[in-house]
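This report describes the salt bridges of one protein model and the exposure of the residues that form them.

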Amino acid sequence: MDPVATTGRDGEAASVRLGEHAYAVEVEWTGARETGTTHYRAYGRDHVVRAAGKSHVLDGSSDRAFHGDAERWNPEELLLAALSQCHMLSYLHVATLHGVVVTGYTDAATAVMVEDGRGGGAFREATLHPRVTVADAAMLALAEEIHAEAAAKCFIAASVAFPVHHEPVAVIAVAAD
């Protein structure tokens with residue numbers, strides 16, 4: 001594909017190929033406290049995540065198990081959220097292609113990360129549990145089947161090095177009285 005000239009964040013010319021999408025975020029550590037990283041428990045894990053054009057920042061930290069603030073989003077939760085969001089958006093697109101009328105969608109995604117004993121680790125797997133509400137009972141079987149197509153279209157799932165399982169449920173919308 002031919003490169004297309006674009007303008008980067010700093011106003012200088014940047015080159016991006018057609019079909020490629022560039023993303024940028026800023027992460028600012030806010031947990032220096034008085035002594036910075038003088039030792040492992042001396043510093044906070046708090047940080048903020050920003051992106052140009054977004055109306056708010058994400059308050060981040062590490063997982064509580066790693067001395068983080070449980071009230072803030074941790075990277076592991078954000079990765080799982082990205083997988084869930086990507087599948088949902090891919091699914092809604094695929095549903096329109098197949099004529100499945102979706103009127104509701106929720107997911108209670110889960111994942112397991114395993115420490116490696118050397119200070120690191122990796123996700124072992126993630127499981128998405130999408131519950132899709134469809135307009136008509138005739139759409140139930142197809143609504144469940146098209147999750148596989150949606151999974152194949154999810155950019156985030158295609159980018160991770162662990163399996164992403166899907167345990168979908170489709171239900172019929174309840175008519176309002």
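A residue counts as buried under 20% relative accessible area, as exposed over 50%, and as partly exposed in between. The model is predicted. Asp 46 has a relative accessibility of 23%, so Asp 46 is partly exposed.

Side chains of opposite charge can pair when their charged atoms come close. In this model the count is 4 salt bridges. Among them are the three pairs in the table.

| Pair | Closest N and O atoms |
|---|---|
| Asp 46 and Arg 72 | 3.7 Å |
| Arg 72 and Asp 69 | 3.9 Å |
| Arg 118 and Asp 116 | 3.2 Å |

What does the salt bridge between Asp 46 and Arg 72 tie together? Asp 46 sits in the loop that runs between strand S3 (26–29) and strand S4 (47–50). Arg 72 belongs to the loop between strand S5 (58–60) and helix H1 (75–98). The pair therefore links parts that lie 26 residues apart in sequence.

Arg 72 also forms a salt bridge with Asp 69. With a relative accessibility of 29%, Asp 69 is partly exposed.

Is Arg 118 buried or exposed? Its relative accessibility is 72%, so Arg 118 counts as exposed. Asp 116, the partner of Arg 118 in a salt bridge, has a relative accessible area of 33% and is therefore partly exposed.

Through shared partners, salt bridges join Asp 46, Asp 69 and Arg 72 into one network.

Technical notes:
Residues numbered from 1 in each chain as written. Predicted model: local features only at pLDDT ≥ 70, side-chain atom pairs only at ≥ 80, totals over all residues. Heavy atoms only, no water. Salt bridge = Lys/Arg side-chain N within 4 Å of Asp/Glu carboxyl O. Helix = DSSP H or I, 4+ residues; strand = E, 2+ residues; numbered from the N terminus. Buried < 20%, exposed > 50% of the residue type's maximum accessible area, 1.4 Å probe, protein only.
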